[in-house]
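Student: Please take me through one part of this model in detail, starting from a single residue and moving outward to the strands around it. I would also like the salt bridges and the overall make-up of the chains to be covered.

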Amino acid sequence: MNIVTVLDHRPDISDSVTESNRILIPSYTIKSDNSKVNIDAHIRLSKLNLAAKNNSTLSIGKEVLIDSVNAGIAPETIVSAPYKFVGSFKPVTIP
Amino acid sequence: MKTSNKLLILLLVLVFSLPLVLMMSFKAAIKNEHYIVKNSNGYDNVPAGALQPFKFIKIEGSIRNEMLKCNIKYGETNRYKWINYSSEQHGDSSRLISYKGDTLVIHYQPKIETINGQESYWAGAELELVLNREVPVIAEGAVITVNTLNGGYTKALEFDLSKTQN
C-alpha cells in the first residue's frame with residue numbers, strides 16, 4: 001500500500017490562514033489503487049482530479065480549499081473530508 | 001585553623017572544581033576532534049547525492065510492507081539522501097538510484113531473513129528527495145510525504161499510487 005501525504009510546515013503560517021498566504025496548486029492529480037491519500041495543508045487546489053479504487057483511503061484536512069473536483073472513486077473508498085466536499089466524491093464503478 | 005576545617009575546605013574545593021575541570025577537558029577534546037559525533041540519530045546517514053535530469057519519478061518500495069518512506073521537498077537543485085535504518089548486525093538492504101530513459105527510478109528492497117521458518121524484515125529506509133520542480137510521481141509500496149511547498153507558486157502535482165500486480 002502506498003501513502004501520499006501533503007503537509008505544510010512553513011514556519012510563517014499562523015493559525016489564521018488567508019487567501020493570500022495559501023499555496024495555489026493549479027492541478028492535483030492522484031490515481032490511487034489500494035493506497036492512502038492524506039492532504040492536510042494550507043493550500044488551494046484549483047482542480048483535484050482523483051481516481052481511487054481497491055480500498056483506498058482519502059483524507060482531506062479542513063484547511064484545504066478545493067475549487068473544483070473531478071473525482072471517480074470506487075464505492076468502498078473511505079473518504080474523510082470537510083462536509084462541503086463530501087458531495088463531490090460520488091462513488092462510481094471503476095474498472 | 002583546625003586541620004579538620006582545612007580538610008573540609010579542600011574537600012569542598014575538590015567537589016566544585018572537579019566537574020568544572022572535567023567539562024573543560026571534554027570541551028577541549030571535542031574541539032580537537034577527539035570525539036566526533038557521526039550521527040545524532042544513530043542511523044546510517046548517507047551524504048546527499050546529486051541527480052541527473054529527469055521528467056518522471058518511479059518509486060519502487062517493498063510491496064508487502066511500507067518500509068520505504070520518501071519525503072519530497074522542493075529546493076534549488078535536485079538531490080537525494082538516504083537514511084538507512086538497518087544495522088550492521090543485520091546487513092544492508094538493497095537501495096538503488098537509477099535512470100530508465102527520462103525516468104528516475106528509486107528502488108528499495110529490505111533485507112529479508114528467515115527465522116524459525118518465517119520471514120523477518122530488519123530494515124527500513126527513508127529517502128529525502130529534493131526537487132527543483134514538480135514532476136509526476138509513480139509509487140509502489142512506499143510512503144510519500146510532500147512537504148514544505150515553498151514559494152507560493154506551484155505547478156501541477158501528479159501521483160500515481162499503483163498496486164503492483166504479482
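Tutor: We may begin at B:Asn132, which sits in the loop between β10 (125-131) and β11 of chain B. The model is a predicted one, and the description that follows should be read accordingly. B:Asn132 has a relative accessible area of 39%, so this residue ranks as partly exposed. Its contacts, once residues up to four places away in sequence are set aside, are with B:Gly75, B:Glu76, B:Thr77 and B:Asn78. The loop residue also lies 8.7 Å from B:Lys73, C-alpha to C-alpha, although 59 residues separate B:Asn132 and B:Lys73 in sequence.

B:Lys73 leads to a charged pair. This lysine forms a salt bridge with B:Glu128, with 3.8 Å between the closest N and O atoms. The bridge connects distant parts of the chain, since B:Lys73 belongs to strand β4 (residues 68-74) of chain B and B:Glu128 to strand β10 of chain B, 55 residues apart. Both partners are partly exposed: B:Lys73 has a relative accessible area of 33%, and B:Glu128 has one of 24%. Strand β10 therefore carries B:Glu128 and precedes the loop that holds B:Asn132.

On the other side of that loop comes strand β11 (residues 137-140) of chain B, which runs parallel to β13(B) and is joined to it by three bridges. Within this pairing, B:Val137 has B:Phe159 as its bridge partner in β13(B). Strand β13 (residues 157-161) of chain B also reaches across to the other chain: it pairs in the parallel sense with strand β3 (residues 28-33) of chain A, over five bridges. There A:Ile30 has B:Phe159 as its bridge partner. B:Phe159 is thus a bridge partner both of B:Val137 in chain B and of A:Ile30 in chain A.

The two faces of β13(B) can be told apart. B:Leu157, B:Phe159 and B:Leu161 make up the covered face, whereas B:Glu158 and B:Asp160 make up the uncovered one. In a regular strand, side chains alternate between the two faces of the sheet.

How many salt bridges does a search of the whole structure find? Over all chains there are three. One of them is the pair B:Lys73 and B:Glu128 just described. Another lies in chain A, where the side chains of A:Asp67 and A:Arg44 meet at 3.1 Å, N to O. A:Asp67 is in strand β7 (residues 65-73) of chain A and A:Arg44 in strand β5 (residues 43-53) of chain A, so this pair ties together parts 23 residues apart in sequence. A:Asp67 is partly exposed at 45% relative accessibility, and A:Arg44 is partly exposed at 30%. In chain B, the side chains of B:Lys58 and B:Glu60 form a salt bridge of 3.8 Å, N to O. Here the two partners fall into separate classes: B:Lys58 is partly exposed at 27% relative accessibility, while B:Glu60, at 18%, counts as buried because the cut-off is 20%.

A nonpolar feature of chain B deserves mention as well. B:Leu8, B:Leu11, B:Leu12, B:Val15 and B:Phe16 make a nonpolar surface patch of about 510 Å². One of these residues, B:Leu12, lies in helix α1 (residues 3-31) of chain B. Its relative accessible area is 44%, so B:Leu12 is partly exposed.

The chains as wholes give the setting. Chain B has one helix and 13 strands, and its helix comes before the strands in the order from the N terminus. Chain A has one helix and eight strands, and there the helix follows the strands. Of the 95 residues in chain A, 46% are buried; of the 166 residues in chain B, 33% are. Among contacts with a separation of 6 or more, residues 24 or more positions apart account for 26% in chain A and 70% in chain B. The exposed surface of chain A is about 4700 Å², with carbon and sulfur atoms supplying 53%, and chain B has about 10700 Å² of accessible surface, 56% of it from carbon and sulfur atoms.

As to confidence, the model scores ipTM 0.72 and pTM 0.62. Chain B averages a pLDDT of 77, and 75% of the residues score at least 70. Where pLDDT is low, predicted coordinates should not be read in detail.

Terms used: Residues numbered from 1 in each chain as written. Chains lettered and ligands numbered in written order. Predicted model: local features only at pLDDT ≥ 70, side-chain atom pairs only at ≥ 80, totals over all residues. Heavy atoms only, no water. Helix = DSSP H or I, 4+ residues; strand = E, 2+ residues; numbered from the N terminus. Buried < 20%, exposed > 50% of the residue type's maximum accessible area, 1.4 Å probe, protein only. Contact = heavy atoms within 4.5 Å. Areas by Shrake-Rupley, 256 points an atom, 1.4 Å probe, with all protein chains shown as cover. Patch = residues over 30% accessible without salt bridge, like charges linked within 9 Å, V, L, I, M, F, W, Y side chains within 5 Å. Salt bridge = Lys/Arg side-chain N within 4 Å of Asp/Glu carboxyl O. Pairing = 2+ DSSP bridges. pLDDT = per-residue confidence, 0-100.
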